[in-house]
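Trainee: I've got a protein model open and I'd like to talk it through. Can we go step by step?

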Amino acid sequence: MFESQFDTGLEKQFAFYIDQHEAIQWWHRVAVRQQHEYYLRGWNQDRIWPDFVATARNGDDNMQLLVVETKGTHLEGNADTRYKMKVFAQLEAALNNSATYECGEVSLRNGATKARFKIVFREESFAEVV
């Protein structure tokens, strides 16, 4: 990764964190508004471009898909953040087959996996992601 590809210091710190975390199998820094790049759709028209997509092994050695958005603490309560938190919660519930949703699961090469969608506001909460 080139340093210029990070919008904030928090993104850069998170990239270093996941790159050094043993459970992470691979990670990708999403390039916003680039052709063929990862994005999410909620109920609003605009796309959501998460900062990172990764896979990790969880405690029982199963794979977990991670979708992470980093935001500074000054953005914790704004309308865009609240919207993204709602979309992330809906997607996580749907992909993890909660009682509310009967959608399905994410499938990776080695089989089914769970998914986690997180918004990170400070470095102290990095450990909550993996």
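Mentor: Sure! A quick definition before anything else: helices and strands here are DSSP runs, at least four residues for a helix and at least two for a strand, numbered from the N terminus. And keep in mind that this is a predicted model.

Trainee: Okay, so where is Arg 29 found?

Mentor: Look for the run that spans residues 24-29, which is strand 1. That's the element you want for Arg 29: strand 1.

Trainee: Is Arg 29 buried or exposed?

Mentor: Buried means under 20% relative accessible area, and exposed means over 50%. Arg 29 has a relative accessible area of 7%, so Arg 29 is buried.

Trainee: How far apart in space are Arg 29 and Val 53?

Mentor: Along the sequence, these two are 24 residues apart. Going from C-alpha to C-alpha, Arg 29 and Val 53 are separated by 6.8 Å.

Trainee: Let's zoom out. What pattern does the protein follow along the sequence?

Mentor: There are 2 helices and 7 strands to place. Reading along the sequence, you get α-β-β-β-β-β-α-β-β.

Trainee: How much of the protein do buried residues make up?

Mentor: The cut-off is the one we used for Arg 29, under 20% relative accessible area. Out of 130 residues, the buried share is 38%.

Trainee: Which residues does Tyr 39 touch, leaving out those up to four places away in sequence?

Mentor: Start in the loop between strand 1 and strand 2 (40-41), where Tyr 39 sits. Its relative accessibility is 34%, so Tyr 39 counts as partly exposed. Pro 50 is 11 residues along the chain from Tyr 39, with 6.7 Å between their C-alpha atoms. The full set of partners is Arg 47, Ile 48, Trp 49 and Pro 50.

Trainee: Now helix 2. What span does it reach from its first C-alpha to its last?

Mentor: Helix 2 covers residues 79-95, which gives 17 residues. At 1.5 Å a residue, the expected value is 24 Å, and the model comes close to that. The span it reaches is 24 Å.

Trainee: Which residues of helix 2 are buried?

Mentor: Not every residue there qualifies: Lys 86 is in helix 2 too, but at 53% relative accessibility it counts as exposed. The buried ones are Thr 81, Tyr 83, Lys 84, Val 87, Phe 88, Ala 93 and Ala 94.

Trainee: And how far is Lys 86 from Gly 42 in space?

Mentor: In sequence, Lys 86 and Gly 42 are 44 residues apart. Their C-alpha to C-alpha distance is 8.9 Å.

Trainee: Is His 74 buried or exposed?

Mentor: First find it in the loop between strand 5 and helix 2. Exposed needs over 50%, and His 74 has 66% relative accessibility, so the answer is exposed.

Trainee: Which element gives the most to the lining of the largest pocket?

Mentor: That pocket has a volume of about 350 Å³. Of its 21 lining residues, the closest to the centre are Trp 49, Glu 69, Lys 71, Asp 80 and Lys 84. Helix 1 (9-20), strand 3 (47-48), strand 5 (63-70) and helix 2 each supply at least two residues of the lining. With 3 residues, the top contributor is helix 2.

Trainee: Last one! How many residues of that lining are charged?

Mentor: Take the other groups away in turn: 6 are nonpolar and 5 are polar. That leaves the charged group, and its count is 10.

Conventions. Residues are numbered from 1 along each chain as its sequence is written. This is a predicted model: local features need pLDDT of at least 70, side-chain atom pairs count only at pLDDT 80 or more; totals for chains, interfaces and linings use all residues. Side-chain values use heavy atoms; hydrogens and water are left out. The expected span of a helix is 1.5 Å times one less than its number of residues. Buried means under 20% relative accessible area, exposed over 50%, partly exposed in between (1.4 Å probe, protein chains only). On a 1 Å grid over the protein atoms alone, a cavity is a set of points where a 1.4 Å probe fits but cannot get out, and a pocket is an open set with protein on both sides within 12 Å along at least five of seven lines; lining residues have an atom within 4 Å of a point. Grid points are joined across faces, edges and corners, and a volume is the space filled by probe spheres set on the points. Ala, Val, Leu, Ile, Met, Phe, Trp, Tyr, Cys and Pro count as nonpolar, Asp, Glu, Lys and Arg as charged, and the others, Gly among them, as polar. Contact means heavy atoms within 4.5 Å.
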